[in-house]
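Thank you all for making the time; I would like to go through one model with you this morning, moving from a single residue outwards to the whole chain. Please have the sequence and the coordinates open while I talk.

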Amino acid sequence: MTDAPVTLALPIAERAAALAFYRDALGLEPFGEPGSDGIPEPLRFAVNDGLTLMLIPTRGFGWVIGEREVAEPWACECLLSLDAADAGAVDAAVARAVAAGAEIVVEPAARPWGYTGTFADLDGHLWSVVAPAG
């Protein structure tokens, strides 16, 4: 089971804005057949060979999770991390995210575990970009 592909699903407010953010800020390319709005349905991105990110409008996300309530955008139950080669790559990634509409949560800086910066995407999901300490 450890080699099985994983899909991470996140609720989003608006498909076109999410598409632009994940494409422009994170450099991810969507895949799949376009829906009536011209955006792949479902909206998915291949993060790497084993991980797919699927973005689901909040109303649909609530349907997928059954009787559970979708968390408010400020509620953080998960931190998503992206690896970077060095501090410059962290700074560049965070700057691209901010230019695409992200909010900086933790400014990029050296920490005991590496050089890292954290931002909230358009829907409040937290992303950390980390380069190894060194």
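L26 is buried, because its relative accessible area is 16%, and the cut-off for that word is under 20%. I should say at once that this is a predicted model, and every value I quote is computed from it. L26 is found in the loop that lies between helix 1, residues 15–24, and strand 2. If you measure along the chain, L26 and L53 are 27 residues apart, while their C-alpha atoms are separated by 12 Å.

From that loop the chain goes on into strand 2, and here the pairing of strands comes in. Strand 2, residues 30–31, runs antiparallel to strand 3, residues 43–48, and the two are joined by two bridges. Within that pairing, P30 stands opposite F45 of strand 3. The loop between strand 2 and strand 3 is the place of P42, and you may want to look at the peptide bond that leads from E41 to P42, since this bond is cis, with omega near 0 degrees.

Strand 3 also pairs with strand 4, residues 51–57, again in the antiparallel sense, and this time over five bridges. One of the bridge partners to look for is M54 in strand 4, which is matched with R44. The connection from strand 3 to strand 4 is a hairpin, made through two residues. As a general reminder while you turn the view, side chains in a regular strand alternate between the two faces of the sheet.

Let me turn to the aromatic residues. Which residues form the aromatic cluster? The members of this one cluster are F21, Y22, F45, F119 and W127, and F45 is the residue we have just met opposite P30. The count of aromatic pairs comes to four. For F21 and Y22, the ring centres are 5.4 Å apart and the planes stand at 80 degrees, so this pair is edge-to-face, given that the cut-off for that class is over 60 degrees. F21 is buried, with a relative accessible area of 1%, and for Y22, which is buried too, the value is likewise 1%.

Now for the empty space. The largest pocket has a volume of about 630 Å³, and its lining is made up of 26 residues, with P11, F61, A71, E77 and H125 lying nearest the centre. Which element gives the most to this lining? That is strand 1, with five residues; strand 1 covers residues 6–12, and both this strand and helix 2, residues 58–64, supply at least two residues of the lining. Sorted by class, the lining holds 18 nonpolar residues, three polar ones and five charged ones.

To finish, the chain as a whole. Its secondary structure comes to three helices and eight strands, and read from the N terminus the order of the elements is β-α-β-β-β-α-β-α-β-β-β. Of the 134 residues in the chain, 34% are buried. The C-alpha atoms fill a box of roughly 45 × 35 × 30 Å when this is taken along the principal axes. The radius of gyration is 15 Å, which agrees with the value near 14 Å that a compact globule of 134 residues would have.

Conventions. Residues numbered from 1 in each chain as written. Predicted model: local features only at pLDDT ≥ 70, side-chain atom pairs only at ≥ 80, totals over all residues. Heavy atoms only, no water. Pairing = 2+ DSSP bridges. Helix = DSSP H or I, 4+ residues; strand = E, 2+ residues; numbered from the N terminus. Phe/Tyr/Trp six-rings, centres within 6.5 Å; stacked < 30°, edge-to-face > 60°. Buried < 20%, exposed > 50% of the residue type's maximum accessible area, 1.4 Å probe, protein only. 1 Å grid on protein atoms, 1.4 Å probe; cavity = no way out; pocket = protein on both sides within 12 Å on 5 of 7 lines; lining within 4 Å. Points joined across faces, edges and corners; volume = space filled by probe spheres on them. Nonpolar A, V, L, I, M, F, W, Y, C, P; charged D, E, K, R; others polar. Rg over C-alpha atoms; globule rule 2.2 N^0.38 Å.
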